[in-house]
Amino acid sequence: FAPILTPQGLAVFGRDLTSAKQVWSRHEGYPGDPRYRDFYRDIGFDLDLDYLKPFLAAPDQRGFTGIKYHRITGAGSAKVVYERKTAVAAADEHADHFLAARVDQIQRLKRIMDRPPLVLCPYDAELFGHWWYEGLEFLNLFVRKAYFDQNAFRLITPGQFLRQHSTHQVAAPAASSWGEEGYWRVWLNENNQWIYPHLRVAQDRMSNLVRRFGRREVCSGQTTGAAVGPSEGQPQALRDRALKQAARELLLAQSSDWPFILRTGTSPGYARKRVREHLLRFTGIYEQLLQSKIDEAWLAQIEAQDNIFPELNYGHFA
């Protein structure tokens, strides 16, 4: 209920498990209330296929349409029709409950702590409005109630808390995750461990490219120092484009979605394909930079295809 500072100066906040369980738990959390809309019950699977065909992405393959007529009701397949008014009333009840629980929690913590307690409540954004259709109403109601209906706490961001309270214990936090079982099992296991040696090589190569070919003003401030890019070969502007695209391909290859998908087995072929494609494009840029033979047409093609982070600063990799 208070941050620590690592020896390197990074502030680390611990997630509050009690508030997490109330909102996020599959079995005990609010989203499982039988009055809420059922995410999985969709007309794409309920209605006659011939009727649906004109509206499906693949005419002969059922899929989610986003149109859902039923509430959660219970664990079985028999579902009651969704009632919007009842569902919003449930969100109001749960906002009240969450508020009361935080007030009680913070008042208890204040009695045993020498500083204002901080309760950190992070959640995946896709929970609200997507998996939990009424989650946006819950957030809206909770924030309004927190502002108007109590004075035990106020809403604050971690950054604001640090600006107001600058003295904290220095410690090295244990490695942990909010993934399954609290460590890295989801992202590092027998199904996906092959990815990481390739990512390590690409990371080292990216740093070497930036030190060798990057502009000094882009790389300034890095603890490694930065060399002036070589004057021979192709124009620096083209090398800058290649370095930025290499950084994009590396970041895309490093996405935690790919090992996660390989672990869950939902679409492992797609995940393997994405990792390979981004690493192959990165390697192509790497080799072209070393040979001073950047294929500008090919570079433009993958710039258009993988165009995430348009303002990316490759100097961070120095």
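The turns below ask about the pockets and the cavity of a predicted model.

User: How do you know what the residue numbers and values rest on?

Analyst: Residues are numbered from 1 along each chain as its sequence is written, and side-chain values use heavy atoms, with hydrogens and water left out. In this predicted model local features need pLDDT of at least 70 and side-chain atom pairs count only at pLDDT 80 or more, while totals for chains, interfaces and linings use all residues.

User: What makes a space a pocket or a cavity?

Analyst: On a 1 Å grid over the protein atoms alone, a cavity is a set of points where a 1.4 Å probe fits but cannot get out; a pocket is an open set with protein on both sides within 12 Å along at least five of seven lines. The largest pocket holds about 1400 Å³ of space. Its lining has 35 residues, with W24, R26, Y40, L127 and W131 the closest to its centre.

User: Why is F213 called a lining residue of the largest cavity?

Analyst: A lining residue has an atom within 4 Å of a point, and F213 is listed as lining the largest cavity, so the term applies. Q234, R239, L289, S292 and I294 line the largest cavity too. Its volume is about 30 Å³, a volume being the space filled by probe spheres set on grid points joined across faces, edges and corners.

User: What makes up the lining of the second largest pocket?

Analyst: The second largest pocket, with about 650 Å³ of space, is lined by 27 residues, and V119, F153, R154, L155 and I156 lie nearest its centre.
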